[in-house]
Amino acid sequence: MVIVNPASADGATEDKWPKIASDLRTHFGAFTVAFTESAGHARSLAADAAKQGTRLIIACGGDGTISEVANGIIESNTESELGILPAGTGSDFRRSIGISNNAAEAARSLRNGRAHTIDAVRVTFINEAGERETRYSINVGSFGMSTEVLDRAASGEAKKWVPAFTPRKVTSKLSYAAATVQTTLAASPADVIVETDEAAERRLRVAEFCVANARYYGGAMKVAPDAKFENGSFDVVTIGDASSFRLLTNAPRLYFGAHLRMSEVTHALAKQVVARPANKKEVRVELDGEVVGRLPSTFQI
């Protein structure tokens, strides 16, 4: 079964679906399809399909769609497998697992590839309704500047900087880049209390805090260059209280994974992280490219 998010890549997936479907039939074979209609729909579709015995459930969309399908499969408590057919703007998860962004090549991988069991991160947080909620992250969860970047990109504010004639998929990437620059210039660090595994609590002042199951986030930023899916732990990458100028001038390091050598950056492996605000200021949390709520949060492998 293929679960398609037609709104991914700023709506470009809906336009490209006939060609994607043709490539899938040619290189993979017959399949059934379901289109998502709202946020969270892919999660319920995947859970229902898994409970009905569907062996392979393919997510066609961006990182958010892939994450929703993964959540549905995990929550179904079945042996269904997750397949990836990338069709999003960031496509960060597929980078980490080595899946091509070309639909035909991705379809061949679905046909010829073998299944791997990977780690996931169970995350509890306070949702928008003020209730404690649990989700699973298979890519990267974070708090700090990343949530503001996602808000700016989603609001369309950053699109003002992109020429009107720009193709939709390119517009999404450029607007995300513009949102990153705008956020960096205006960002203020967050004060948090963090406990990692059995270590004592620490008060930290952070520009960004990442719990990474995979290597990439934020549209090809190699935030955790050494992250492994099958080692039973996640990478914790902390960017401390650096100035906007320092962050901007060192931004290219993030794309090459060279930022870990910066004095403001720390890196460690962990199985659990507990984080809460150090003051009354709200600190929001994003999982796999979606802002889901706020601290306090617990991340567990």
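User: Which residues of helix α1 are buried?
Analyst: This is a predicted model: local features need pLDDT of at least 70, side-chain atom pairs count only at pLDDT 80 or more, and totals for chains, interfaces and linings use all residues. Numbering runs from 1 along each chain as its sequence is written, and side-chain values use heavy atoms, leaving out hydrogens and water. Buried means under 20% relative accessible area, exposed over 50%, and partly exposed in between, with a 1.4 Å probe and protein chains only. In α1 the buried residues are Ala12, Thr13, Trp17, Ile20, Ala21, Asp23, Leu24 and His27.

User: How far apart are the end C-alpha atoms of α1, and why is that span expected?
Analyst: Helices are DSSP runs of H or I with at least four residues; strands are runs of E with at least two, and both are numbered from the N terminus. The expected span is 1.5 Å times one less than the number of residues. Helix α1 covers residues 12-27, which is 16 residues, so it should span 22 Å. The model agrees, with end C-alpha atoms apart by 22 Å.

User: At which residue does α1 bend by about 45°?
Analyst: The bend is the angle between axes fitted to the seven residues ending at a position and the seven starting there. In α1 that angle is about 45° at proline 18.

User: Which residue with a positive phi follows α1?
Analyst: Look just past the helix. Phi is near 120° there, and the residue is glycine 29.

User: Which alanine in the loop between β1 and α1 is buried, and what is its relative accessible area?
Analyst: The loop between β1 (2-4) and α1 holds alanine 9. Its phi is near 55°, positive in a residue other than glycine. Most residues other than glycine have a negative phi. Alanine 9 counts as buried because its relative accessible area is 6%.

User: Is asparagine 77 buried or exposed?
Analyst: Asparagine 77 sits in the loop between α3 (63-76) and β4 (81-86). Phi of asparagine 77 is also positive, near 55°. Its relative accessible area is 71%, so asparagine 77 is exposed.

User: How many disulfides does the structure hold?
Analyst: A disulfide is a pair of cysteine sulfur atoms within 2.5 Å. Cysteine 60 is buried because its relative accessibility is 0%, and cysteine 210 is buried because its relative accessibility is 1%. The number of disulfides in the structure is 0.

User: Which peptide bond is cis, with omega near 10°?
Analyst: Most peptide bonds are trans. Proline 296 lies in strand β14 (residues 290-300). The cis bond, with omega near 10°, runs from leucine 295 to proline 296.

User: Which residues does proline 277 touch?
Analyst: Proline 277 belongs to strand β12 (residues 272-277). Contact means heavy atoms within 4.5 Å. Leaving out residues up to four places away in sequence, proline 277 touches Asp191, Val192, Ile193, Val283, Leu295 and Pro296.

User: What is the radius of gyration of the protein chain?
Analyst: The radius is taken over C-alpha atoms, and the globule rule is 2.2 Å times the number of residues to the power 0.38. For 301 residues, a compact globule would come near 19 Å. The chain agrees, at 19 Å.

User: How much of the protein chain counts as buried?
Analyst: The chain comes to 9 helices and 14 strands. Its C-alpha trace spans about 55 × 45 × 35 Å along the principal axes. Of its 301 residues, the buried share is 51%.
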